[in-house]
Amino acid sequence: MLKDKTRRLGRRDFLRYSAAGAGALMAPGLVRPAKAETAALTMHTWSAAVDTVQSHLSAFTKETGIPVNYGNSPWAQYREGMVAKFVGGAPLDAMWVSDSWLPEWAEAGWIAPVDEFDSLMKYNAEAEDFCTDSMTYGGRQYGLTYYTDYMAFFYDEAKLKEAGFDAPPETWDELVEQSLVMKEKGIADYPMMLAMAQESWLIEFISTLVYSHGGRLVDDNGMAVMQDPKEGAVEALSWVVDAVNKHEIVSPACVETGELAGLKSFAAGNHAFAMVAKYRLRMLNDPEQSQIAGNVKQAMMPQGPNGSHATVGWMRFHGMSAQAAQDKARAENAAKLIEWFGGKADGAYTFQKLLFLDIGAGFGVKPLFEDPEIRAAYDSYGDVDMIQAQQALARKKDTVTPWFGEWNDTNGSAWQSAILGNVDPAGAVKKSADLWNELKDSY
Amino acid sequence: MLFLAPVMAVLGAVAVFPIAYSLYISFFSIKLTRPNRTPFVGLKNYTDLLGDEAFWGAVWRTVSFSLVSVTAIAFIALLVSLLLNQEFRGRRILSTILLVPWAIPYVANALMWKWIYDSSYGALNGLLYQLDFIDKYMVWLGDQDKTLFLIANAFVWKEVPLATILLLVSLKSIPSDLYAAARVDGATVWQRFVHVTLPAMKPGFMLVMIYETMMAIRHFDLFFILTEGGPGSASHVLSWHIYVETFRNLSFGSGAAMSYLLAIATFALSYLFIRTLGRKI
C-alpha cells in the first residue's frame, strides 16, 4: 500500500490528470476568458539611431500596452524596399518617410493623411512652417516630424583671418573675392567646397544655390520656371560653372565629390568655406573627427545679386500606412505611436531631444530651441541663435512631386554637364525644365 | 522523366517563369509607384527606346567600354599566358599572384579602385606626385574624358586572370611536334607564333571574347560604385540605364524591355563570335 501511495506519476496518470484538469477548466462558469491581447503594430525605419528608437519603443509599449514589431533597413535601399513592401502588401502601420517621397507614396495610396487626428495636429502650432509644409501634399498632412535639417554655410575662421578678412562673405560674389585672395596667399587651392556628385544630396545643394539666388525651380502650379533667367537657376548654375572653370575656387573634382567626401575634405582643412547639412557642425568642431575643430563657424547662406539668405530645408517624418488607416482601432494605435515619436511623450518632445543629443539631428519644433540642455549642447560647438535664424529662412524643396525621382537623375546630369563645359548653363537648365514639363504632362 | 521532374520544376520556378514573366511585363506600362495604372502598351516600350537619345547614348558608351576592355583583356591575357607558358624560376609564384585580382569580389574591387582614383587622397595621385610626374593632384573620375577608360582599367585588372587561364589552357594543348615541324621547315619565332600558336589558340580566344564581351556589356558594379553614371553622363552605360529605369524610376515595364534588348544584343554578339572565330575549330 505504502508503495502504491508513493509511486511516481506515470505517463498514463499524467495524461489522465491533465485531461481531467483541462475538462474542469473548460466547464461553464470555470473558464476565465483570456485577456484580449492588443494587436501588435509594425513600424519600419531606416537604420539610424536604432538603439534610441528601440528604447523609445520599449517605453511606448510599457506606457500603452501596445506591442510594436520594429524593423529597419539601410537608407540607400529604403525607398525601393518600402515600395516593395507596399506593393506586396506586407504588414505595416507606421514608417519613416522622406519629404522627397511623400507625393509618390500618397498618390499611390500607400500612406494615409493623419490630419483627422487632433492629437497629432495640435503640434503644428509649435512646428516650423516649412516642416508642416514638407509633410503636406494635396492639402493633407501625412505625418509628424522625425527630424529636420537644412543646408548651412560654414567657414573656417582661422583661414578667414589669415586671409585678412574680419567677416564671412554676405554674398556669392564676396565669396569669390575672398576665395581669390586665399588662393593668391596659398591658404587653399580650392577655398570653396561644393559637393556636386550624382547622389541624393545633389538636389539639396542645387535648391540651396537657386533659393539663395532669389529663385525657384518650379512655381506654385508645378510648372518648371527654372529655365527663366529671372528665376535664379541659370544664375546659380552660372556661378558654379564660373567658380569651377573661371575662378578655380571650387575643385573640378566637385562632380565626383559626394557630401560625405566633401565634408571630410573640409574637416581635413582643405577648404575655407563649405555648404553642408547643418547637423554636420557638431562633427566639424569635434577635435577627434576634424582637424579644424573649434574654427568652424556658421554664417547665413551667401546671397545672389537678387537673392536672399534663403536655404533649403528637408523633413523626415513619421507616417501612417493606408492599411492601418482602414481599421479604426489600428489607426488610433498607430496615431498614438506617431505621437509618441513625433509629438510629446510624457509631456515633452522626448524623441526629438534624444535624437539631437544622440546624433545631433535637427528638430522642427521651436520650443526645443529654448531647452537648456539643447542650448548647452549647441553652445559647445555652434551659435544657437545663428542656427535658429537660418532655420527660419529654410524652404521646402519645390521639386517634390510624384515624378521627382524620374526627373532628379536627369537634372543632376544636366548640372554636371554644364560644370564640365559640355553645355552652357541656360541649355542645361532648359533640358532639365523640358523633362520636368514632359513628366508633369504624363502624370 | 519522373526523376527529372523536381529539377524541371525548380528550373521552371526560378528561371523559365521569371524570364517569361519579364517578357510579359515588357508589354505593359508598369510603374510601381502607380500601382493602379498598368495599361497594356504592346511594343511601345521597345519602339520608344529606338527614339530615345539617352538610350542610344548609353548604347554607344557600352560599346566603347566593351571594345576597349575586351581588346585590352585579350591582348594582356595573351602576353601573360605566353609568359606563363615558358619554364622559368618563380613561374608558379607568379601564377598564384596573378589569381589575386580574380579572387577579389567585384564590389571590393570597385571600392579599392575608388580609393585609388580619388582626386583628394587617392593612391594614384599620391604615387604620381611623389614620382614628380604631376605637380598637383589630378581629377580622375571627375574628368569626363578619362572616366570610361579608368573604369575599363579597373575592369581589365579584374578580368585578365581568368582570360589568361583560358588562353593558357589552349597553349598547353598545342602538340610540341607542330613546333618541331615548323622549326624543320625553317620558321622563325614570329612565324611559329603567327602560323602555329595563334591558330591553335582560337578556341581559347573564342571563349575569352564571348565571356568577356558578355561581362563587359552587362557590367554594373564598377559604374555603380565609382561614378553612378557620371560625371554628367560620361559613364551612363546600358546596365546603369536599366538600373535607373527599373530600380530608381521603378518603371518595370520599360526596364524589362531594355533588359530584353540587352539580352538579344549579347546573344547576337556571342553568335557572331562563334560564327567567325569558331569556323575552323
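These legends accompany close-up views of a predicted model with chains A and B.

**Figure 1. Overview of the predicted model and its scores.** The model scores ipTM 0.76 and pTM 0.82. Chain A holds 20 helices and twelve strands. Its C-alpha atoms fill a box of roughly 110 × 50 × 40 Å along the principal axes. Of the 443 residues of chain A, 49% count as buried. Take the contacts in chain A between residues at least 6 apart in sequence: 74% of them join residues at least 24 apart.

**Figure 2. Chain B, built from helices without strands.** The count is 14 helices and zero strands. From the N terminus on, every element in the run is therefore an α, by the way helices and strands are assigned. The C-alpha trace of chain B spans about 75 × 65 × 35 Å along its principal axes. Chain B has 281 residues, and 33% of them count as buried. Among its contacts between residues at least 6 apart in sequence, 70% join residues at least 24 apart. Confidence is given per residue: the mean pLDDT of chain B is 91, and 99% of its residues reach 70 or more. Among the elements of chain B, helix α3 (residues 53-84) has the highest mean pLDDT, 95. Helix α14 (residues 252-277) of chain B has the lowest, 88.

**Figure 3. The two domains of chain A and the contact between them.** Domain 1 covers 41-148 + 314-389. Domain 2 covers 150-312 + 396-442. Both domains are thus written as two segments of chain A. The C-alpha centres of the two domains lie 28 Å apart. The contact takes 18 residues from domain 1 of chain A and 15 residues from domain 2 of chain A. On the side of domain 1 that touches domain 2, three elements of chain A give two or more residues: α5 (102-107), α7 (129-134) and α18 (384-392). Of these, α5(A) gives the most, with four residues. By class, this side of domain 1 has eight nonpolar, five polar and five charged residues.

**Figure 4. The contact between chain B and chain A.** The contact takes 21 residues from chain B and 22 residues from chain A. Which helix gives the largest share of the chain B side? Helix α13 (residues 238-248) of chain B does, with three residues. The side of chain B that touches chain A divides into eight nonpolar, ten polar and three charged residues.

**Figure 5. Helix α16 of chain A and its buried face.** Helix α16 spans residues 350-359 of chain A. Its buried residues are Phe351(A), Gln352(A), Leu355(A) and Phe356(A). Seen down the axis of α16(A), these residues fall within an arc of 135°, so they line one face of the helix. What covers them includes α3 (50-64), β7 (143-156), α15 (328-342) and α17 (372-379) of chain A. Just after α16(A) comes Gly360(A), with a positive phi of about 80°.

**Figure 6. Helix α19 of chain A, mostly covered.** Helix α19 runs over residues 404-419 of chain A and has 16 residues. From its first C-alpha to its last, α19(A) reaches 22 Å. That is close to the 22 Å expected at 1.5 Å a residue. Of the 16 residues of α19(A), 14 are buried. Gly421(A) follows α19(A), and its phi is positive, near 85°.

**Figure 7. Leu79(B) on helix α3 of chain B.** Is Leu79(B) buried or exposed? Leu79(B) counts as exposed, because it has 12 C-beta neighbours inside 10 Å. The cut-off for exposed is 12 or fewer. Leu79(B) and Leu272(B) are 193 residues apart in sequence. In space, their C-alpha atoms are 25 Å apart.

**Figure 8. Phe27(B) in a loop of chain B.** The loop lies between α1 (5-25) and α2 (44-50) of chain B. Phe27(B) has 17 C-beta neighbours inside 10 Å, so it counts as partly exposed. Leaving aside its neighbours within four places in sequence, Phe27(B) is in contact with Phe40(B), Val41(B) and Gly42(B). Phe27(B) and Leu82(B) are 55 residues apart along the chain. Their C-alpha atoms are separated by 50 Å.

Technical notes
Residues numbered from 1 in each chain as written. Chains lettered and ligands numbered in written order. Predicted model: local features only at pLDDT ≥ 70, side-chain atom pairs only at ≥ 80, totals over all residues. Domains from an automatic or database assignment. Contact = placed C-beta atoms within 7 Å. Nonpolar A, V, L, I, M, F, W, Y, C, P; charged D, E, K, R; others polar. Buried ≥ 20, exposed ≤ 12 C-beta atoms within 10 Å, placed from the backbone. Arc of directions from axis to C-beta. Expected span 1.5 Å × (residues − 1). pLDDT = per-residue confidence, 0-100.
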